[in-house]
Amino acid sequence: MKNVNISIEEIVDSIDCGVILLDQNKHILLWNDWIAVRTGVAASEVVGRSILTSFNEPSNKQFATALSQAFTSGTRSTLTNSSPHPIFPLNISDKLHPNGEQTISVKMLKGWTVEPLCMIQITDSAASPAKRHVNEHHDDGNKVELDLLTNLYTRRFFDEYYRIELGRLQRLQQPFFLLMLDVDCFKKYNENYGEEAGDVALIRIAYSMRKILRRTSDVIARYGGEEFIFLLRDTTAHGAQITAEKLRKLVSNLEIEHDYSGVDDHMTVSIGVVGCDPQKSGNVNQLIDHVQLALQNAKNAGRNQVCYVEA
Ligand SMILES: Nc1nc2c(ncn2[C@@H]2O[C@H](COP(=O)(O)OP(=O)(O)OP(=O)(O)O)[C@@H](O)[C@H]2O)c(=O)[nH]1
């Protein structure tokens, strides 16, 4: 493989199946984003804990046996089961398969490190890998769609979510902020480094943005090819601008080489921010236009910067 500056964690978090790594005491070493999204359990909550006690439900007998056989004799097992008795409580809801149709492979990885590791791979056989989007359900009952390249919400999901959320925030008279982030000179990047490298860059940017926006109330979606939108609540105008600046620096610090950008020697982003306080302005209908205008202002001012406007 060509020498690209990407970590194993980034790759594992971007793949479209669940991956768990266990040490020889059956304690969790790695818990990727796929499984965190579908169980609602973050890696930080389970890493270091035993796989057999990480869920509220009693562990599945079949699964416990497969694990024990893997550790004692290196046996590789593939388990399949569907609702109503899932091995992992995944929220891959559709009406027919409320917990998805899980295929779970358990195998030992030997020779990678001094102590053998056990890898558990989970796929949802009810969701066709050829599907462009994964359908789930959000807390409010909305159908959730995740973009397969970046694992962020799709624009379609965001538009619907935003419509509902806007009404709610107006009723509660709570301020909120929209951020629109666009990768600078991305066309030139694709032309010079190839579309595959462009895809990897988008995956890396999306991955790092997900990692720093940890508040569950923050919503990020892929709004266009290289354009991302954020809805932030429970913050102030100052907080939103700080977050935007943090995102700008974050992408810059990834140091993705871009010799053809004309802005810098690595990849940069421009960000528009719009704030809306329903108690003051109440002018919420044109917010998407406003944030796009703020983004355009950041581009016109030389890119690689944040521009804030008040609605
Ligand atoms: N590799 C890759 N490229 C994409 C994807 N989606 C959109 N693009 C490309 O992103 C580029 C966007 O180009 P423009 O809209 O001209 O924007 P830009 O070159 O970033 O210029 P500025 O935004 O003005 O700095 C186009 O070349 C698209 O083909 C994707 O999923 N993968």
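1. A polar contact here is a pair of N or O atoms within 3.5 Å, where one must be able to donate a hydrogen and the other to accept it. Keep that in mind for Ser252, whose side chain makes such a contact with the side chain of His266 at 3.0 Å. One caution before going on: this is a predicted model.

2. Let us stay with Ser252 for a moment. The residue sits in helix H8. Is Ser252 buried or exposed? Its relative accessible area is 15%, and because buried means under 20%, Ser252 counts as buried. Leaving out residues up to four places away in sequence, Ser252 touches His266 and Met267.

3. Now for the helix as a whole. H8 runs over residues 237-253, and its 17 residues, at 1.5 Å a residue, should span 24 Å. The C-alpha atoms at its ends are 24 Å apart, so the model agrees with the expected span.

4. Ser252 has company in the interior. Buried residues of H8 also include Gly239, Ala240, Thr243, Ala244, Leu247, Arg248, Leu250 and Val251. An α-helix has 3.6 residues a turn, so residues three or four places apart point the same way. With that in mind, it is worth following Ala240, Thr243, Leu247 and Val251 along the helix in your viewer, as each of these is buried.

5. What covers the buried residues of H8? The cover includes helix H7 together with four strands: E8 (176-183), E10 (227-232), E11 (269-276) and E12 (306-310). Just after H8, Glu255 is also worth a look, since this residue takes a positive phi of about 50 degrees.

6. H7 brings us to another pairing. The axes of helix H6 (residues 186-193) and helix H7 (residues 195-212) come within 6 Å and cross at roughly 130 degrees. The two helices are therefore oblique to each other. By class, their contact has six nonpolar, two polar and one charged residues.

7. Which residues make up the contact between H6 and H7? From H6 come Phe186, Tyr189, Asn190 and Tyr193. On the H7 side they meet Glu195, Ala197, Gly198, Ala201 and Leu202.

8. Finally, a word on Lys188, which also lies in H6. At 42% relative accessibility, Lys188 counts as partly exposed. Setting aside neighbours within four places in sequence, Lys188 is in contact with His258 and Tyr260. Lys188 and Gly198 are 10 residues apart in sequence, and their C-alpha atoms are 9.9 Å apart in space.

Notes
Residues numbered from 1 in each chain as written. Predicted model: local features only at pLDDT ≥ 70, side-chain atom pairs only at ≥ 80, totals over all residues. Heavy atoms only, no water. Axes fitted to C-alpha atoms, helices over the stretch in contact; angles between N-to-C directions. Parallel < 35°, antiparallel > 145°, perpendicular 65-115°, else oblique. Contact = heavy atoms within 4.5 Å. Nonpolar A, V, L, I, M, F, W, Y, C, P; charged D, E, K, R; others polar. Expected span 1.5 Å × (residues − 1). Buried < 20%, exposed > 50% of the residue type's maximum accessible area, 1.4 Å probe, protein only.
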